[in-house]
Amino acid sequence: MEHRLWSSGASDKNKAMVEQLQRYGIIRSSKVVEVMEAIDRGLFVPPGGSPYFDSPMPIGYNATISAPHMHAACLELLEKNLQPGMRALDVGSGTGYLTACFALMVGSEGRAVGVEHIPELVASSIENIKKSAAAPQLTDGSLSIHIADGREGWPELAPYDAIHVGAAAPQIPEALVEQLKPGGRMVIPVGTVFQELKVVDKKLDGSVSIRDETSVRYVPLTSKEAQLHAD
């Protein structure tokens with residue numbers, strides 16, 4: 001999944017992007033299709049970017065929004081833990097795209113929580129979501145974005161059925177494992193130079209299993225200060 005699935009002729013429409021991901025077999029679930037078609041990625045990529053091109057895009061503050069195929073892959077991996085009424089945490093929520101997707105999946109009876117340590121990104125992500133299909137859930141409170149160190153999660157609304165981490169940690173943060181509900185799943189990139197997307201499943205007895213899904217390349221999950229002063 002590391003390679004760009006289409007390197008030329010970037011899709012100019014959100015629906016075409018989703019159809020392309022279906023054709024390549026990245027998206028198999030009809031629910032993921034429905035949600036990615038409903039949440040227009042173009043609302044979440046800064047002006048001047050190419051929102052429908054299958055590549056990460058810079059969003060300022062030494063951060064990026066992941067490539068569409070990575071968002072699709074993570075939604076597929078988490079789908080069973082994003083059922084109506086469930087709770088989802090998006091760590092490093094950035095421009096708010098995946099948090100908005102989570103909100104549509106869990107519905108108003110669930111909770112979708114984004115945490116991001118750059119206050120300016122939190123503010124702009126809320127504005128992005130207000131323009132999107134997830135806007136009603138921002139209004140009713142079932143979707144919220146918070147300024148926080150993602151490595152600590154958001155314990156106030158734990159435990160979570162699904163946790164997604166959008167930056168690579170040197171190791172899996174214990175606080176996030178603790179905030180995962182028994183029966184829950186976390187998807188997190190782990191590593192420094194070499195990174196693996198790990199799938200962390202917490203069994204009903206509280207024990208944890210971890211497997212590698214694919215090799216990835218994410219920005220580091222770090223402190224706000226380290227991120228802002230990265231080369």
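## Helix H4

Which residues of H4 are buried? In this predicted model, the list runs Tyr97, Leu98, Thr99, Ala100, Cys101, Phe102, Ala103, Met105 and Val106. Put as a count, that's nine of the helix's 10 residues, so H4 is mostly covered, with buried meaning under 20% relative accessible area.

H4 spans residues 97-106 and lies across S3, S4 (111-116), S5 and S6. Against S4 the helix runs at about 165°. Right after H4 comes Gly107, and its phi is positive, near 75°.

## The sheet

Now for what H4 lies across. The sheet is an open one with seven strands, and going from one side to the other you meet S5-S4-S3-S6-S7-S8-S9, with mixed pairing. S5 (143-147) and S9 (208-216) are the edge strands, each with pairing on one side only. On average, neighbouring strands in this sheet are turned by 15° against each other, if you ignore direction.

Partway through that order, S3 (residues 87-91) and S6 (residues 160-165) run parallel and are joined by four bridges. Look there for Val91, which stands opposite Val165 in S6. As a reminder, strands of a sheet pair through backbone hydrogen bonds, either parallel or antiparallel.

## Helix H3

H3 takes up residues 68-78 and lies across S6, S7 (180-191), S8 (195-202) and S9. The helix runs at about 155° to S7. S6 is worth a second look: H3 lies across this strand, and H4 does too.

How values were computed:
Residues numbered from 1 in each chain as written. Predicted model: local features only at pLDDT ≥ 70, side-chain atom pairs only at ≥ 80, totals over all residues. Heavy atoms only, no water. Pairing = 2+ DSSP bridges. Helix = DSSP H or I, 4+ residues; strand = E, 2+ residues; numbered from the N terminus. Axes fitted to C-alpha atoms, helices over the stretch in contact; angles between N-to-C directions. Contact = heavy atoms within 4.5 Å. Buried < 20%, exposed > 50% of the residue type's maximum accessible area, 1.4 Å probe, protein only.
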